[in-house]
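I opened the model to look up a few places and noted what I found. The entries follow in the order I made them.

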Amino acid sequence: MESFAVETSSREELKDVTSKVKEILKDNGVENGVCTLYVPHTTAAITINESADPDVKKDIVDKLSELVPRGKGYRHREGNADSHIKSTLVGNSARILIQNGKLQLGTWQGIFFAEFDGPRSRKIWMDWG
Ligand code: ZN
């Protein structure tokens, strides 16, 4: 098991971490198994979606903001209730199969760290047992 840092640069963004995950698996000589990714934050998440067209991640962020607007009508006093709700909607873990040293992602799939209350320094835990 190991973790790696993710530096985000805006309040809300999807950041592609696919190459970092592949690098860690390669460095550890992982051939077969299941890669589990876990985000230990309450205002961030992880998801797998299209990495070919960068507009897809922007559409996801924009639509989530439309569905869960910032600011009004929440009890949570910190002012980031929308961030917590988006984190729960997207989810804090992902699992991908590994076969013959390769993540079995589809042609258009990438792994995205989802920031909902940045910019911050974040962490992803990773296991391949
Ligand atoms: Zn909060």
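I started with asparagine 28, which sits in the loop between α1 and β3 (33-38). This is a predicted model, and I read the entries below with that in mind. Is asparagine 28 buried, exposed or partly exposed? Its relative accessible area is 38%, and partly exposed covers the range between 20% and 50%, so asparagine 28 counts as partly exposed. I also checked its separation from glycine 73, which is 45 residues away along the chain. The C-alpha atoms of asparagine 28 and glycine 73 are 47 Å apart. In the same loop region I looked at glycine 29, just after α1, and found a positive phi of about 65 degrees.

Next I went through the helix itself. α1 spans residues 18-27, and its buried residues include Thr18, Val21, Ile24 and Leu25. Looking down the axis of α1, I found the buried residues within an arc of 130 degrees, so they line one face of the helix. The general rule is that an α-helix has 3.6 residues a turn, so residues three or four places apart point the same way. Which exposed residues does the face of α1 turned away from the buried side carry? I noted Ser19, Lys26 and Asp27 there.

I then turned to the largest pocket. Its volume is about 230 Å³. Which element gives the most to its lining? α1 does, with 3 residues. Both α1 and β6 (102-103) supply at least two lining residues each. From the list of lining residues I wrote down Lys22, Leu25 and Lys26, among others including Val30, Glu31, Lys102, Leu103 and Gln109. Leu25 is thus on two of my lists, as a buried residue of α1 and as part of the pocket lining. Lys26 is also on two, as an exposed residue of α1 and in the lining. By residue type, the lining divides into 4 nonpolar, 4 polar and 4 charged.

Last, I looked up the zinc ion. Which protein atoms are its donors? I found His76 (NE2), Glu78 (OE), Asn80 (OD1) and His84 (NE2), at 1.9 to 2.2 Å from the ion. Along the chain these donors follow the spacing H-x1-E-x1-N-x3-H. The angles among the 4 donor atoms run from 89 to 149 degrees, and the site is irregular. A tetrahedral site needs all angles between 85 and 135 degrees, so the upper value of 149 rules that label out. For two of the donors I checked accessibility. Histidine 76 is partly exposed at 36% relative accessible area, and glutamate 78 counts as exposed at 54%.

How values were computed. Residues are numbered from 1 along each chain as its sequence is written. This is a predicted model: local features need pLDDT of at least 70, side-chain atom pairs count only at pLDDT 80 or more; totals for chains, interfaces and linings use all residues. Side-chain values use heavy atoms; hydrogens and water are left out. Donors are N, O and S atoms within 2.8 Å of the metal (3.2 Å for Na, K and Ca); water is not among the atoms, so sites may look incomplete. Four donors count as tetrahedral if all angles lie between 85 and 135 degrees; four count as square planar and six as octahedral if opposite donors are over 155 degrees apart and all others between 65 and 115; anything else is irregular. Buried means under 20% relative accessible area, exposed over 50%, partly exposed in between (1.4 Å probe, protein chains only). Helices (H or I, at least four residues) and strands (E, at least two) are DSSP runs, numbered from the N terminus. The arc is that of the directions from the helix axis to the C-beta atoms. On a 1 Å grid over the protein atoms alone, a cavity is a set of points where a 1.4 Å probe fits but cannot get out, and a pocket is an open set with protein on both sides within 12 Å along at least five of seven lines; lining residues have an atom within 4 Å of a point. Grid points are joined across faces, edges and corners, and a volume is the space filled by probe spheres set on the points. Ala, Val, Leu, Ile, Met, Phe, Trp, Tyr, Cys and Pro count as nonpolar, Asp, Glu, Lys and Arg as charged, and the others, Gly among them, as polar.
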